[in-house]
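Dear colleague,

I am passing a structure on to you, and below it you will find some notes on what came out of a reading of its strands and charged side chains. Please look through the structure with the notes beside you.

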Amino acid sequence: MTEAELPLLYEKAGHIAVITFNRPEARNALSPEVLCRFADALLDFQADADMRALILTGSGTQAFCSGGDLGLTLPLLTGDRKPETEWDHRLLDDPTVFSVSSLRDFPLYKPVVAAVNGTCVAAGAELLLATDIRIASSQARFAWPEVQRGLIPFAGSLARLPAQLSHCQAMELMLTGAAIDAQKALQWGLVNYVVEPGEVMARARTIAEGLAANAPVAIAEIKKTAIQSIGLPLSEAFALENASYDRVMATEDAKEGPRAFMQRRPAIYKGK
């Protein structure tokens, strides 16, 4: 198997990483191998100080991710299929694989851009909710159809979707399993932009480049505080904001930004 034939691709260039679900023949469904490789890539991205932004996408034009593989992953998790491969055993035996690959119990405070080039359903839609900025193809569709298969969303959607939409919108999606198109996703605030299919990655890269040019510590503190403040009383949220302020103002980057502005030159941030 060549690198291009791997079920998940992980590329790094400059300060930007790209993770691509690469099973177009299976609509980029998440097999045990994909989940393990995805967790490994995310851990590497988090640990690499040179990486400042991540683009998450799927290969081909038909799907971003159609969710967990119904023939491989879901039967393994329900006990209907016994583990056969090293990937199967690792998924069952290593709890970090699920927590990291679901972007749920995993504090990733670098920005993640979703480039949604087609179907985005089930676990794929759950991953969408864990990203920060979302670009969708005009042909994209979104759904949480687990209830139609006797299952529930279990990778963060039960908490995230009601927090990101109105209660009735979130309940409609999760209780009926019905799909919505890209324009409705935009109207409801699930995505930031809807573009033509051939423009999805270009827009995602432009946004990622802008994110990577900003101060890494400031980016991380903004994301962390925004996430941790959800549902807190204002006094507690403001305390988190104050702590972030103290950390950011103590960095060299906080001095570099205003200095570069006054000198009319691009800022050079070092994440320190």
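How many salt bridges does the rule count here? The count comes to 15 salt bridges, and please keep in mind throughout that this is a predicted model. As general background, side chains of opposite charge can pair when their charged atoms come close.

A good place to begin is helix H1, which spans residues 32-47. Within this helix, the side chains of Glu33 and Arg37 meet in a salt bridge, with 2.8 Å from N to O, and because the two residues are four apart in H1, about one helical turn separates them. Arg37 counts as partly exposed, since its relative accessibility is 25%.

Asp40 also forms a salt bridge, in this case with Arg90, and the closest N and O atoms of that pair are 2.7 Å apart. Asp40 lies in helix H1 whereas Arg90 lies in helix H3 (residues 86-93), so this pair ties together parts that are 50 residues apart in sequence. Asp40 is partly exposed, with a relative accessible area of 34%, and Arg90 is likewise partly exposed, with a relative accessible area of 26%.

Arg90 has a further salt bridge, in which its side chain meets that of Asp94 at 3.7 Å, N to O. Asp94 has a relative accessible area of 24%, and is therefore partly exposed as well. Elsewhere in the list of charged pairs, Lys12, Asp44 and Asp48 are joined into one network by salt bridges that share partners.

Turning to the strands, where does E7 stand in relation to the rest of the structure, enclosed or not? Strand E7 covers residues 133-137, and four of its five residues are buried, that is, under 20% relative accessible area, so the strand is largely enclosed by the rest of the structure.

Strand E7 is joined to strand E5 (residues 112-116) by four bridges, and these two strands run parallel. In this pairing, Ala114 has Arg134 of E7 as its bridge partner. Strand E7 is also joined to strand E10 (residues 193-195), here by three bridges, and again the two strands run parallel. In that pairing, Ile135 stands opposite Tyr193 of E10.

If you open the structure yourself, I would suggest following the charged pairs from Glu33 and Arg37 to Asp40 and Arg90, and then turning to strand E7 with its bridges to E5 and to E10.

With kind regards

Definitions and conventions. Residues numbered from 1 in each chain as written. Predicted model: local features only at pLDDT ≥ 70, side-chain atom pairs only at ≥ 80, totals over all residues. Heavy atoms only, no water. Buried < 20%, exposed > 50% of the residue type's maximum accessible area, 1.4 Å probe, protein only. Pairing = 2+ DSSP bridges. Salt bridge = Lys/Arg side-chain N within 4 Å of Asp/Glu carboxyl O.
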